[in-house]
Amino acid sequence: MKIEYDREADALYITFRPAFPGGNLDIEEGVTVDLDDGHIVGLEIIDASAKFGIESLVNVTIENMPLERIPD
């Protein structure tokens, strides 16, 4: 997973899996889910600092991260 922020565009993009999106779905104004074969590959949020506040963008917390691979 990768989280990127483009300051100039005020856009946040979260990549969930390395795949080229074959389509997308707008779920609300400025929020788009990128899809590949029906699976979510990424999430784009436009005007991210207005939606979440700049403080939320610079303070990312990861909780309960598995330290080893979870079996399929």
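Accessible areas here come from the Shrake-Rupley method with a 1.4 Å probe; the model to which the exercises apply is a predicted one.

**Exercise 1.** How much accessible surface does the protein chain have, and what share of it belongs to carbon and sulfur atoms?

*Solution.* The accessible surface of the chain comes to about 6000 Å². Carbon and sulfur atoms account for 52% of that area. Turning from area to residues, one finds that 22% of the 72 residues in the chain are buried, while the C-alpha trace spans about 40 × 30 × 20 Å along its principal axes.

**Exercise 2.** In what order do the elements of the protein chain run from the N terminus on?

*Solution.* The inventory to be placed consists of two helices and five strands. Read from the N terminus, these elements follow the order β-β-β-β-β-α-α.

**Exercise 3.** Which residues make up the largest nonpolar core, and which strands each supply at least two of its residues?

*Solution.* The core has eight residues, namely Leu12, Ile14, Val31, Val33, Leu43, Ile45, Ala48 and Leu57. Strand S2 (11-15), strand S4 (31-36) and strand S5 (39-46) each contribute at least two residues to this core. Taking Leu12 as an example, and leaving aside residues up to four places away in sequence, its contacts include Leu43, Ile45, Ala48 and Leu57, and Leu12 also touches Ile3, Glu4, Tyr5 and Glu44.

**Exercise 4.** How far apart are the mean positions of the positive and negative charges of the protein chain?

*Solution.* The chain carries 5 positive and 16 negative charges, and the mean positions of these two sets are 5 Å apart.

Key: Residues numbered from 1 in each chain as written. Predicted model: local features only at pLDDT ≥ 70, side-chain atom pairs only at ≥ 80, totals over all residues. Heavy atoms only, no water. Helix = DSSP H or I, 4+ residues; strand = E, 2+ residues; numbered from the N terminus. Buried < 20%, exposed > 50% of the residue type's maximum accessible area, 1.4 Å probe, protein only. Lys, Arg positive; Asp, Glu negative; His and termini not counted. Charge placed at Lys NZ, Arg CZ, Asp CG, Glu CD. Core = buried A, V, L, I, M, F, W, Y, C linked by side-chain atoms within 4.5 Å. Contact = heavy atoms within 4.5 Å.
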